Amino acid sequence: MISVGARAATRGKRGRKRSPRPIEVQFRTIVSPHQLNSRWGRRIYWIVLTAVLVLFTTAFVFPLYWMVTGALKAPEELAQMPPTFFPADPTPDAFFEAWDLFDIGTLLLNTGYYSLGGWIVCMAVDVSAAYALSKLRPAFGNVILGMMLATLMIPAMVVLIPLYVTVVDLGLLNNPWALWLPAAANGFNIFLLKRFFDSIPRELIEAAQIDGAGPVRILRSVVLPVSRPILGVVSIFTIVTSFKDFVWPLLVMTDSDKMTISVGLSQTAGAVTQNQVMGGLLITSIPMIIVFFIFQRHIMAGLTAGSIKG
Amino acid sequence: MQILRRNLTAYGFLCAALACFTVFAWYPMVREFILSFQKTDLINEPIWVGLDNFVTAFQDPAFGEAWLNTLEFTFLALVCGYAVPFVVALVLNELRHARAYLRFVVYLPVMLPPIVAVLLFRWFYDPGPGLFNQVLDAFGLPPLAWLDSSSTALISLVIVSTWMNMGSATLIYLAALQNIPPELYEAAELDGAGIWKRIRHVTIPQTRLILLLMLMLQIVATMQVFIEPYMLTGGGPENATVTVAYLMFQNAFTLQDYGSAGALGMMLMIVLLVFAAFQLRLTREDKA
């Protein structure tokens, strides 16, 4: 009631017809609600908001718009100066041409196969390791965990060469296991999973033990069902990472019928017209953008929970 | 007896992970060390050559330039990719509208495969009909050579790199900012602190650890820059964008000289381990 009265009073004073709507404040930040809702505060706020919206859309959405419309333009229109903002005669030809030229069907299938296979291997290896370290507590468990975490300190590019040499020695070139096994050696996943498993109440496990359940049974029917959130986060990150990976597949999957889509694109990009390249890029981005739309909340949560607590 | 059995089951569950880590993580670290003292092309038997690989690496005319470029890239990428996201996060945290949209949009490039971002920007940088020069032209500015001139090539790489990576830094900062207790701002305000002072005396001290941690992480990440020079410039023009990781890749996979690549890798590893050690200490402090 008071606020309505106050609003009516200001309206009367300024003699305006439309009452200025206060900006809602749910949580306090640097700028105080009072300052924000002062006359100048509100003006500055709307100016900043508009500027940020325009800037962000230009910087992050417009390049994607340009990619999509570039793919829809004919090669002549694409080379035209100044460029057209809307494609004059949009045709999806570039997609079909790109699809054939790059053999995108095979590349996508390969990439999907490597991602899914990598996910299964990674989950099997990391979940069982985290379970052993968290619930079975073997001798030297902490040393092993420490050594696994220590690998996170070693930058990926630095061990690229010896890892490649190792894979060559094992004869794993052009074999999907060369992608899957190194990815499964992920100390971070094991750490995240172990930390979550640690938080599962002991009583739950003990009750299952009294019922005569063995370790495998406990993992399957007690631990895994309650760990859905963390399993989801780890799964999404594993799949997204393997889909985005470039340097490692470039080295170990060299046969043209075994390449991933990123590598395949990089190899053919110089030899085809620009609108076909854009078509190929668009097709490559679509799976990740779909994943992002579906799992947005999990990805954002995982990013912040997974990194370090603030 | 029971203890033995429990340990056996535990190691049963662990054996797959132990095998993976041994072969694909721990052994390669040792192998890096061995490799840097060997001459090998992966076909003939490796020969021990002592410090020869390090000497070869040092004598490479591109060696000094590669380190300088890497440092310059790291510095520029920190200015763009470390400071800017913090400012962006500060502003985003103040906004009350379109929050979900803005967070979504800033993270969108992070989801794209890096090759997409890189090839997309290669097209934007095109000196002829490329988008960037067209925009400059629309404002009546002279065109730039972007990737083709040694003065702009490196910064062009920094721009791509920042565009595709800044989303995750921004969101991590944003999460840290949202953890700051509002009472602190209220108290500061009662003490008469203006907006700048609130940032200096509340926001920055409260996010100090994450700021330092991100600094270390970003240094380690940007010093390994590879895909941008590999796809966009091939190290050129005139070695202006040769980075250490790129040089290492070249030595190994173009010249088949895995030994000197290993030596370069060792040097990079030693430099990066210093930052990793800092990071480790900070993480400990964070937990304490």
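# Reading the two chains of a predicted model

User: How is chain A divided into domains?

Analyst: In this predicted model, the domain assignment splits chain A into domain 1 (33–90) and domain 2 (95–306). The centres of domain 1 of chain A and domain 2 of chain A, taken over C-alpha atoms, are separated by 34 Å.

User: What makes domain 1 of chain A and domain 2 of chain A count as being in contact?

Analyst: Contact requires heavy atoms within 4.5 Å, and 9 residues of domain 1 of chain A are in contact with 8 residues of domain 2 of chain A. Between them the domains bury about 680 Å², with 82% of it on carbon and sulfur atoms. On the side of domain 1 of chain A, Met67(A), Ala71(A) and Leu78(A) lose the most area to domain 2 of chain A, together 63% of what that side buries. Across this interface the rule finds 0 salt bridges.

User: How large an area is buried between chain B and chain A, and which residues of chain B supply the most?

Analyst: The area buried between chain B and chain A is about 9300 Å², and carbon and sulfur atoms give 80% of it. Phe13(B), Phe24(B) and Trp123(B) supply 9% of the area that chain B buries against chain A, more than any other three residues. In terms of contacts, 99 residues of chain B meet 108 residues of chain A.

User: Why is the pairing of Asp169(A) and Arg31(B) called a salt bridge?

Analyst: The cut-off is a side-chain nitrogen of Lys or Arg within 4 Å of a carboxyl oxygen of Asp or Glu. The side chains of Asp169(A) and Arg31(B) meet at 3.0 Å, N to O, so the pair satisfies that rule. The count between chain B and chain A is 1 salt bridge.

User: Why is Thr40(B) called buried, while Ile155(B) is called partly exposed?

Analyst: Buried means under 20% relative accessible area, and partly exposed lies between that limit and 50%. Thr40(B) has a relative accessible area of 9%, and therefore counts as buried, whereas Ile155(B), at 31%, counts as partly exposed. Thr40(B) sits in the loop between strand S1 (38–39) and strand S2 (47–48) of chain B. Not counting residues up to four places away in sequence, Thr40(B) touches Leu35(B), Pro46(B), Gln256(B), Asp257(B), Tyr258(B) and Gly259(B). Ile155(B), by contrast, belongs to helix H7 (residues 153–178) of chain B, and its C-alpha atom is 8.7 Å from that of Ala77(B), although the two residues are 78 apart in sequence.

User: How do you know that the length of helix H4 (residues 99–111) of chain B agrees with what a helix should span?

Analyst: At 1.5 Å a residue, the 13 residues of H4(B) should span 18 Å, and the end C-alpha atoms are 19 Å apart, which agrees. H4(B) is also mostly covered, with 10 of its 13 residues buried, among them Phe104(B), Tyr107(B) and Met111(B).

User: What does the chain look like over residues 277–295 of chain A and residues 258–278 of chain B, which UniProt annotates as "transmembrane region"?

Analyst: The annotations come from unreviewed UniProt entries, which include residues 277–295 of chain A and residues 258–278 of chain B. Over residues 277–295 of chain A the model is 100% helix and 0% strand, with end C-alpha atoms 28 Å apart. Residues 258–278 of chain B are likewise 100% helix and 0% strand, and there the end C-alpha atoms are 30 Å apart.

Note on methods
Residues numbered from 1 in each chain as written. Chains lettered and ligands numbered in written order. Predicted model: local features only at pLDDT ≥ 70, side-chain atom pairs only at ≥ 80, totals over all residues. Heavy atoms only, no water. Helix = DSSP H or I, 4+ residues; strand = E, 2+ residues; numbered from the N terminus. Expected span 1.5 Å × (residues − 1). Buried < 20%, exposed > 50% of the residue type's maximum accessible area, 1.4 Å probe, protein only. UniProt positions renumbered as here; feature names shortened; annotations may be inferred. Domains from an automatic or database assignment. Buried area = accessible area lost by both parts, 1.4 Å probe.
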